[in-house]
Amino acid sequence: MPERFEVGMPDGVRLHVETTGPVDAPVTAVLLHGWTLDGRSWHRQLAALTSSFGDAVRVVTYDARGHGRSSCMPLLTATLAQLGDDLAAVLDAVAPSGRVVLVGHSMGGMTIMEYAHRHRAHFAARTAGLVFVSTTAEGHTHTVYGLSPRIARLIRLAETTGAGVLARCGSWRAPRALLNALQPSIRWMLFGDRCDPSDIRLVTSAVARASLRSIGGFRASIGAQHRLDTLTALGHLPAAALVGDRDRLTPPPCAESIAAALPATELTVCPGAGHMLMLERPDEVNAALTGVLGQVVARSGPHGRDASATPSPRGLDAGAVAAGR
C-alpha cells in the first residue's frame, strides 16, 4: 500500500503526496500530473513500475497546489514558476538523496522544465532521466484543438476570458452535475479514438477536485511558457517523449520540438490516441518509463551513485534494461 502524507510549502500550501517503495531505493521516479488532474492519473504506471523494478525504484506522485487533495493557494502563486519551486521542495522533503527520474504529463512536463530553468544546480545534482508525456515547451504555439486556426483563436479568446473569471473563484469547485453534463466535451478534448468509460469517470472526478482558482489561474502561464532553450542543455540525460496523433491540446509538433531539443530522446507517436496517454496507451507509456528508468537503475549504486554494475530490475532482462527496451 502507498504511504500518504502532506508536505508543507513555504507559503503555507500543503501538498498531498503518495509514495511506493523503500525510502532508501537508489532511484526515485517522480510522476507529475497534468492541469486539472491529480496523481490518480498515473495508477496504471504505478502498478507496472512496482512489478518491474521492485525495491530498486521508489515511486512518488503528488497533487499540485489547488488540485486533488492538496490545498488551494493565493492567486499570484498559480503559475508554472511556482510549480517548479514546489517540485524542488518536494524532492528535498521526500527524496533528499539518490538519483531522480522526472516524468511529466502536460502541465507536469512543463513543471519539470520550469524546475530545470529556475533551479539549475539543484536539477543537475539530482536528475538522471526525463520522460515527457503529452506536453509542450512552447506554450499554446501549436494548440489549435484539432480545428482551423481561425476557430482556434476564437476558442482561445473565450477560454482566456473564462479562465480569468474562474481564477477569482477561490477554492470553490465545479459542481459534479455540471461536469457530468460536460463529459462529452471532456471526452472530445482529452481522448482519442477510444475511451474506456472508467477513464472518463476518473478524469471527471479529478476535475471536480480541482479548485476553480487552479482551473483558471494556471492558464496564463501555461499558454506563455517557452523553455526549448532550457531543454537544449539537458541533452546528456536519457529521455523519452510520447504524444498521441489525435492530441488536441499538445499535438505531435509539441513532442517533435522537444525531441529536436533533446536529440537522444526516444520519440513515440501513438496512432489514434489523444491527450491522456497514461490511460489510453498505458503499455507504450510504461515501456518508455521502463526504458529510461532501466538505464538509470543499471548505472546507479545502492546509494544512487553511478556504478559499473547493479542488480537488474525484477522481471526485466539486464540487456533490455541497459538498452532501454
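Setting aside neighbours within four places in sequence, Pro96 is in contact with two residues you can pick out in the viewer, Leu91 and Arg126. This is a predicted model, and Pro96 lies in its loop between H2 and E5. Is Pro96 buried or exposed? Its relative accessible area is 58%, and because exposed means over 50%, Pro96 counts as exposed. Pro96 and Arg126 are 30 residues apart along the chain, while their C-alpha atoms are separated by 8.9 Å.

Let us step back from the loop to helix H2, residues 80-94. At 1.5 Å a residue, its 15 residues should span 21 Å, and the end C-alpha atoms are indeed 21 Å apart, so expectation and model agree. Many positions of H2 are buried, among them Leu80, Leu83, Leu87, Val90, Leu91 and Val94. The buried set also includes Gln82 and Asp86. Leu91, then, is buried in H2 and is one of the contacts of Pro96.

Now for the sheet. Its 8 strands follow the order E1-E2-E4-E3-E5-E6-E7-E8, forming an open sheet with mixed pairing. Which strands stand at the edges? They are E1 (3-8) and E8 (266-270); each has a single partner strand, so one side of each is left without a neighbour in the sheet. From one strand to the next, the twist averages 20°.

Strands E6 (residues 127-133) and E7 (residues 239-244) run parallel and are joined by 4 bridges. In one of these pairings, Val133 has Leu242 of E7 as its bridge partner. Two helices that pack on the sheet are set side by side here:

| Helix | Strands touched | Direction angle |
|---|---|---|
| H3 (residues 107-118) | E3, E5, E6 | about 135° with E5 |
| H14 (residues 282-298) | E3, E4, E5, E6, E7, E8 | about 170° with E6 |

Finally, consider a helix pair. The axes of H7 (residues 183-190) and H8 (residues 197-209) come within 10 Å and cross at roughly 105°. Angles of 65 to 115 degrees count as roughly perpendicular, and H7 and H8 are therefore roughly perpendicular to each other. On the H7 side, the contact is made by Gln183, Ile186, Arg187 and Leu190, and H8 contributes Ile200, Val203 and Thr204. What is the make-up of this contact by class? It has 4 nonpolar, 2 polar and 1 charged residues.

Terms used: Residues are numbered from 1 along each chain as its sequence is written. This is a predicted model: local features need pLDDT of at least 70, side-chain atom pairs count only at pLDDT 80 or more; totals for chains, interfaces and linings use all residues. Side-chain values use heavy atoms; hydrogens and water are left out. Two strands pair if DSSP finds at least two bridges between them. Axes are lines fitted to C-alpha atoms, for helices over the stretch in contact, and angles run from 0 to 180 degrees between N-to-C directions. Contact means heavy atoms within 4.5 Å. Angles under 35 degrees count as roughly parallel, over 145 as roughly antiparallel, 65 to 115 as roughly perpendicular and the rest as oblique. Ala, Val, Leu, Ile, Met, Phe, Trp, Tyr, Cys and Pro count as nonpolar, Asp, Glu, Lys and Arg as charged, and the others, Gly among them, as polar. The expected span of a helix is 1.5 Å times one less than its number of residues. Buried means under 20% relative accessible area, exposed over 50%, partly exposed in between (1.4 Å probe, protein chains only).
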